[in-house]
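Biologist: Could you take a close look at one part of this model with me? I would like to start from a single side-chain pair and then see the chain around it.

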Amino acid sequence: MGMFAERRRARRYSIERNLRYHMRGSRPALVGDGVTVNMSSNGVMFTTEQPLPLGKPVTLEIHWPVLLD
C-alpha cells in the first residue's frame, strides 16, 4: 500500500458527539439527528440518518458533555 499525503491544512480530531442539524433555507424545514466523526478549526465531518443536499448551508447543534463559557 502506498502512503497518501494529508492535503488538509488544519489537523482533524476524532470526536464523536451527538448533534442536531437544520438545513437553512430548505422548505419544508429539513432537520434531523447525527453524530460527529471528526472536527478541525475549519470544519466538522458528521453522519446523518438521511442524505443531505450538497452545497447547502447547515446549522449544527453539537451536544457537549459540559457547558462551555
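Which side chains meet in a salt bridge?

Modeller: Happy to help! The model is predicted, so local features need pLDDT of at least 70 and side-chain atom pairs count only at pLDDT 80 or more, while totals for chains, interfaces and linings use all residues. Residues are numbered from 1 along each chain as its sequence is written, and side-chain values use heavy atoms, with hydrogens and water left out.

The pair you want is Arg20 and Asp33, with 3.0 Å from N to O. A salt bridge here is a side-chain nitrogen of Lys or Arg within 4 Å of a carboxyl oxygen of Asp or Glu, and a search of the whole structure finds one. Because Arg20 lies in strand E2 (residues 18-23) and Asp33 in strand E3 (residues 30-40), the pair ties together parts that are 13 residues apart in sequence. Strands are DSSP runs of at least two residues (E), and helices are runs of at least four (H or I), numbered from the N terminus.

How covered are the two partners? Arg20 is partly exposed at 29% relative accessibility, and Asp33 is partly exposed too, at 35%. Buried means under 20% relative accessible area, exposed over 50%, and partly exposed in between (1.4 Å probe, protein chains only).

Stepping back, the protein chain has five strands and zero helices. Of its 69 residues, 17% are buried. Among contacts (heavy atoms within 4.5 Å) with a separation of 6 or more, 52% join residues 24 or more positions apart.
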